[in-house]
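With the structure open in your viewer, please follow the selections below in the order in which they are given. Each stop says what to pick and what is to be found there.

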Amino acid sequence: MSSVPVQATNPEITTPPDETGSTIWRQIKAMMSGRLIIALILVASILIFAFIGPFFLGTGDPMKIVGGLYNEPNSQQWLGTDNFGRDVFTQLMYGTRTSLYIGIVAGVVATVLGVAIGLVAGYYGGWVDELLMGITNVIITIPSIVVLILISIAIGTKSITSMAVIIGIMSWPWTARAVRAQASSVRTREHVDLAKITGASTPSILLWEIMPYMMSYIFMVFVLQMTSGILQEATLSMLGLGPSSSISLGIMLYWALLWESVRTGAWWAFVPTTLMLTVIAFSLYLLQASLDEVFNPRLRRK
Amino acid sequence: MGPPTTFSPLAATIAFPCNGNWAYLYEPLFTFNMLTGDIDPLIGESFEFDGTMSVSVKLNPAAKFHDGEAVTADDVVYTYQLPERVPEVPWAGSLNYISGVEKVDDTTVTMLLNQESINPGMVRSYLGSISILPQHVWEPREADGDVIAYAELEPVGSGPFKVNIANPEQIILERVDDWWGNELFGAPAPKYIVHPIPKSNDDANLSFQLGEIDLSQSFMPQIWKLWEDQGLPVATWFREQPYHLPGNIPVAIPNVHKPGLDNPLVRRAIAHGINYALLAETAVSNFSIPVNASLIVPGAAEDSYFNQEAVDATGWTYEPEKAIAILEDELGATKGDDGIYVLADGTRLGPWKASCPYGWTDWMTSLEVLAQGAKEIGIDITTEYPETPVFYDAMRAGNFDIVMNSFAGASAAGPWQRFRDAMDSRGVPGIGEGPAFWNFNRYQNADAEALLDQIAVAEEDAKLDLYTQIDEVFRTDVPVIPLQYRAWEFYNINETQWTGFPTSENPHTPPTFQGSGVRVFAKLSPVE
């Protein structure tokens, strides 16, 4: 498990949504039998498991001690107990929920920052572009996991949200570069000139004339950022740098490693968690790849 | 981590095996025996107390250092007097109990007991933990300057081993073939002792499991699976719970100056709410029996002072309904809408934070069990795990609700020091006046302090009664809440290469790396 640099997928400039909204919908419908359906089912299952599951299954409180050290799976505790004697199945539901939350927050932060910086750099060009891209390139060269580890050690109070924000702050550069490339192309189009002549303000041009051309890309990059955020949290927490009093998939793995679940044969303490992380990452990548096909005419023709 | 930069027993950070309790390279006068609770002869042949005035120690005339020089009364006097000149030496605390040392002849010394704090038990403890230094080696260094910082790379001790190799991966000790104690105590069988410096606990445990380590003192959860499920030649002292010989009692320390926690009945209710059996199973992997309401460790060095009848009569066990009865009937507390009790004077029972250092997994689990038990009886306790230095600063300053800590383990001073640590306010700065190094919650009880003074000078046959009395004060006031028993040292044996290690079925040597446990090397033989 390691941080995944969120590379620009296919910075293909799509047509504006107002012209082809119904076309996209038709295309989505046409793709519904393909891998998009699998991806959507998987993502929906994960969401149901994490957000609705706890109402019906498990002990209701992931921190509640219900058994002994590493009790084997049984009829009461379907996935046994962890080192604290807490129900692993319940923890898995709550841990998945936390990990998704971290992914969404980190994804939003990284995407918003990346898009904002990329748009400004691409639109203005000149020294603004050079300055912003200079900073971006410098940040890209710094291994983000090292910075994340240092920040996690440095901040006194750790919380799920602060961790997600930090991950987001470290993850925007690739997005910024891709968005900047698209923005610098779109800004030369006629409708942008037209907007300038009619006296539209710069923020308005960025928001309404340029950004709509990359909405599909932004959405896909958000999915990727989210996946990356989940995996980075798992990495950090597994190293013991997460907020230990919370439950996330990474923190579950941290305790399992610390309490030697592998050596003692308590597979239920780490296998379901690892599988869940894999399934989440796989589902989100699949979703991103299948959406790519929906949005990108060239891929679709293939 | 690099290799030790000094093998000096004076260093601020003492490397293996130079601590005074280790009798491998340097040797103290006597060694602490975890099985008997007493000290066994080594350089000292015998000792005799002259009432509470002094103790006379007879040295073994055969004892000699690795360079061939005899260990004499001069070396003992030099070592015991060193903290008077260099207050930074690790055994400087001995001056509180031993005020002077005099040479009688080459093999006899007399130590004067400090009349301001007479305590033969603590004196015995120091006799078993101060390494005797060769005066002819250390005195010239003292004259040259800072002995604490001296980089001792060719240590001269009197023990059965000397340093062969030290690097970041391991420290290798080599047998001293002409060790003076060979005839008296038996010559060690292994030519070398390799002390690996593992990267982590599970790294060490895996090496142990693979038979690469013969003896390990790391915490190995569910170690019994290695012989029960995998049939490995692995053992611990006992074949079943608690597997290891208990030697200490980690406790929860409530701040007795916080409203609510200042009430002994509230503290007793919390104590009734803790599921000690669950705690023993989860937090310490069954390496403890459910703890008793006592500050004395049963079943080992302190067993003769443990009064089970008294514990049963006035102690507490896990009984949540009793906790609720105390809160409602004895304290007149009423349960708020949030499920938390409020005392008659309006004091809400919580929110309180129970804390221990982050990463101390067995303690963290203990506090989770405590917090969950409290929640079930209507007391609001949550857990918090700060970084270790932050935790210690807060604990020593008295700035906490509930902290977990361990007091003095088993020693030749008996449980006296643990009671002192928990209940003696003398010499402890008040909250806000400076850091405390024991009695962190600044508990004060004149009866307990009087009993401590009596126990310190009591004859052996009077001690059971006195310890029962002070334990009774502890049970009445609940200044701390015992949570689990802890092994003095975990003692994991893997007999793939060597056999002959002690177990409870064959207790020829105490199961400790330190103290009298060093005698084990003479009992080993290679597996055919």
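**Where the two chains meet**

Begin by displaying both chains of this predicted model, and select the contacts between them, where 15 residues of chain A are in contact with 20 residues of chain B. If you then colour the side of chain A that touches chain B by residue class, you will find 5 nonpolar, 7 polar and 3 charged residues there.

**Chain A by itself**

Next, hide chain B and show chain A as a cartoon, in which there are 14 helices and 0 strands, so that reading along the sequence gives the pattern α-α-α-α-α-α-α-α-α-α-α-α-α-α. Colouring chain A by burial is a useful next step, since 44% of its 302 residues count as buried. Should you draw the contacts in chain A with a separation of 6 or more, 74% of them are accounted for by residues 24 or more positions apart.

**A loop residue in chain B**

Now bring chain B back and select B:I249, which lies in the loop between β12 (246–248) and β13 (250–254). Is B:I249 buried or exposed? B:I249 counts as buried because it has 26 C-beta neighbours inside 10 Å, where 20 or more are required.

To see some of its surroundings, add B:V291, B:L295, B:V297, B:R418, B:P482 and B:Y485 to the selection, which are the residues that B:I249 touches when those up to four places away in sequence are not counted. Finally, draw a C-alpha to C-alpha distance from B:I249 to B:D447, a pair that is 198 residues apart in sequence and 22 Å apart in space.

Conventions. Residues are numbered from 1 along each chain as its sequence is written. Chains are lettered from A and ligands numbered from 1 in the order in which they are written. This is a predicted model: local features need pLDDT of at least 70, side-chain atom pairs count only at pLDDT 80 or more; totals for chains, interfaces and linings use all residues. Two residues are in contact if their C-beta atoms, placed from the backbone, lie within 7 Å. Ala, Val, Leu, Ile, Met, Phe, Trp, Tyr, Cys and Pro count as nonpolar, Asp, Glu, Lys and Arg as charged, and the others, Gly among them, as polar. Helices (H or I, at least four residues) and strands (E, at least two) are DSSP runs, numbered from the N terminus. A residue is buried if 20 or more other C-beta atoms lie within 10 Å of its own, exposed if 12 or fewer, and partly exposed in between; C-beta atoms are placed from the backbone.
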